[in-house]
Amino acid sequence: MTVRSLEKIIDTTFLTKLYRASGSASKGSASKGELKGQALYTSLRVGARNFAAGYQLLNQGASFLNVSLDTTERLLGVVQSIQEMVDKANRGNLSASTARQDRLKIDELAGDFDEIVNAAREEKLDPLNTQSMEDTLVKAGLDTEKISDLASLLKKIASPTESSISSDGTVSSDGNPIPLDDIQRQLRAAVLDEDDPSDDKSGFFTKVKTKLRDVQLKLETNIKSIKATIDFVKDNMAVVRVAGLAFLEASNDLQGNESAEAVAEVVRGKIRSSSGSALGQAYNLESVMVAGLAALSENEK
C-alpha cells in the first residue's frame, strides 16, 4: 500500500462516520461539508477512543499468538529430544538395560507431547488451532476474508497432530504423531546379540527418523508462520496506536474554525510521519476502529 492511499482512508467521510457513531448526530445534523467546531471535536475524540479499544483487541490477539508460539515451541522441544535419543540408538548394539531406559524415557516424552496437545484443546480458545487464532484476529478487525496476506500466513499453520477425514467428512486425529510403536520396536531390535557381537545393528531407525523429521518440519513451519503473524499484528498495533494519538492530538489543537478536510490532512500527516514501515497496514484502520467501537458498545450493555 502506498502512503498516498491514506487519503482514501482518513477523510471527511471517515470523520463524519465517527461523529454519527457518537450519538451526537441525533442532536444536530452535520453533513460532510458542515462537520466543524464541536462536532469535529466530538468526531476526533470518538476516533481516539475507538482506536484505543481496537489497539487493546489487537494486543489480546498478539498475546494469544504468543501463547500459540510458546506451545508449539514446547512441542518442537519434545520432538527434538526424542530425535536425539533415536540418533543415539541408531548407532546400534545397545545393551538391554540401555534400550529399556530409552523406551521408558521416550514413552515419557511422547506423553509430554500428548499432554501439551490435550491441555491446549481444553482451553476455551485452543492455541494450536488455526481457527482459534483467526477468531481472535477477526474480533480485532483483521478479517482474513478481506486481508489476503493474513489469510496466507494462517494457511501455512497445520495441526501438530495427525489428522484424517472419513468419507462422511468427519475429521479425526490420533492426538500424537510420534511414531512410538515403531521406535519401541526398533529399540528392541537394536539390542546387542551376545551370541553374535559382530552383528552390526546400526541404521535400524531410517523410517522412524523420517517420520520424526516430518513432525519437526511441520512444527518449524508453524513457528515461522506464527512469528510472521505476530509481526503482522504488531505492525497493525503500531499504526493504530499512532492513529489514536493523532486523533487525540488533533482534538486538543482545534481552534474551532477548521474544516473537516483540513483536520483530516493534519491527522494523515501525523500518521504518515510516525508509522514508519507499519504504514503499509493503514488500510485496516477503519475495520480495527469499527471493532473497537463494537467492543465498547458491548461493554456498555
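## How the helices of this predicted model pack together

The buried residues of helix H6 pack against three other helices, namely H2, helix H3 (96–121) and H7. This is a place to begin in a model that is predicted, and it is worth looking at which residues of H6 are involved. Within helix H6, which covers residues 180–189, the buried positions are Asp 182, Ile 183, Gln 184 and Leu 187. A general feature of helices helps in reading such a list: an α-helix has 3.6 residues a turn, so residues three or four places apart point the same way. With that in mind, the reader can look again at Ile 183 and Leu 187, both of which are among the buried residues of H6.

From this one helix we can step back to the whole chain. The protein chain has nine helices and two strands, and, read along the sequence, these elements follow the pattern α-α-α-α-α-β-β-α-α-α-α. Of its 301 residues, 43% count as buried. If we consider the contacts in the chain with a separation of 6 or more, residues 24 or more positions apart account for 79% of them.

Because the model is predicted, the confidence of the prediction deserves attention before any detail is read closely. The chain averages a pLDDT of 88, and 87% of the residues score at least 70. Among the elements, helix H2 has the highest mean pLDDT, at 97, whereas strand S2 (residues 171–173) has the lowest, at 47.

How many aromatic pairs does a search of the whole structure find? The search finds three, and two of them can be followed here through Phe 14. In one, the rings of Phe 14 and Phe 51 have their centres 6.4 Å apart and their planes at 15 degrees, and because planes under 30 degrees apart count as stacked, this pair is stacked. Phe 14 lies in helix H1 (residues 12–21) and Phe 51 in helix H2, so the pair ties together parts that are 37 residues apart in sequence. Both of these residues, Phe 14 and Phe 51, are buried.

In another pair, the rings of Phe 14 and Phe 247 have their centres 6.1 Å apart, but here the planes stand at 65 degrees, and because an angle over 60 counts as edge-to-face, the pair is edge-to-face. This pair links distant parts of the chain, since Phe 14 is in helix H1 and Phe 247 in helix H7, 233 residues apart. Phe 247 is buried, as is Phe 14. Taken together, Phe 14, Phe 51 and Phe 247 form one aromatic cluster.

Helices H2 and H7 also appear around an enclosed space. The structure holds one cavity of 30 Å³ or more, and the volume of the largest cavity is about 40 Å³. Its lining consists of Thr 72, Leu 75, Leu 128, Met 133, Ile 157, Ala 158, Pro 160, Leu 219, Asn 222 and Ile 226. The elements that give two or more residues to this lining are helix H2 (37–89) and helix H7 (206–253), and the largest share, three residues, comes from H7. Which kinds of residue make up the lining of the largest cavity? Eight are nonpolar and two are polar, while no charged residue takes part.

The largest pocket offers another kind of space, with about 160 Å³ in it. It is lined by Val 138, Gly 141, Leu 142, Asp 143, Lys 146, Ile 147, Tyr 283, Asn 284 and Ser 287, and these divide into four nonpolar, three polar and two charged residues. One of the lining residues, Ser 287, is in helix H9 (residues 285–299). Ser 287 has a relative accessible area of 30%, and because this value lies between the limits of 20% for buried and 50% for exposed, the residue is partly exposed. Although Ser 287 and Val 138 are 149 residues apart in sequence, their C-alpha atoms are 9.6 Å apart in space.

Two further residues can be placed in the same manner. Arg 272 is in helix H8 (residues 260–275), and at 23% relative accessibility it counts as partly exposed; its C-alpha is 9.2 Å from that of Val 239, a residue 33 positions away in sequence. Gly 23, by contrast, is in the loop between H1 and H2, where, at 37% relative accessibility, it counts as partly exposed. From Gly 23 to Thr 42 the separation is 19 residues in sequence and 9.9 Å in space, C-alpha to C-alpha.

Key
Residues are numbered from 1 along each chain as its sequence is written. This is a predicted model: local features need pLDDT of at least 70, side-chain atom pairs count only at pLDDT 80 or more; totals for chains, interfaces and linings use all residues. Side-chain values use heavy atoms; hydrogens and water are left out. On a 1 Å grid over the protein atoms alone, a cavity is a set of points where a 1.4 Å probe fits but cannot get out, and a pocket is an open set with protein on both sides within 12 Å along at least five of seven lines; lining residues have an atom within 4 Å of a point. Grid points are joined across faces, edges and corners, and a volume is the space filled by probe spheres set on the points. Helices (H or I, at least four residues) and strands (E, at least two) are DSSP runs, numbered from the N terminus. Ala, Val, Leu, Ile, Met, Phe, Trp, Tyr, Cys and Pro count as nonpolar, Asp, Glu, Lys and Arg as charged, and the others, Gly among them, as polar. Rings of Phe, Tyr and Trp (its six-membered ring) pair if their centres lie within 6.5 Å; planes under 30 degrees apart count as stacked, over 60 as edge-to-face and the rest as tilted. Buried means under 20% relative accessible area, exposed over 50%, partly exposed in between (1.4 Å probe, protein chains only). pLDDT is the predictor's confidence in each residue, from 0 to 100. Contact means heavy atoms within 4.5 Å.
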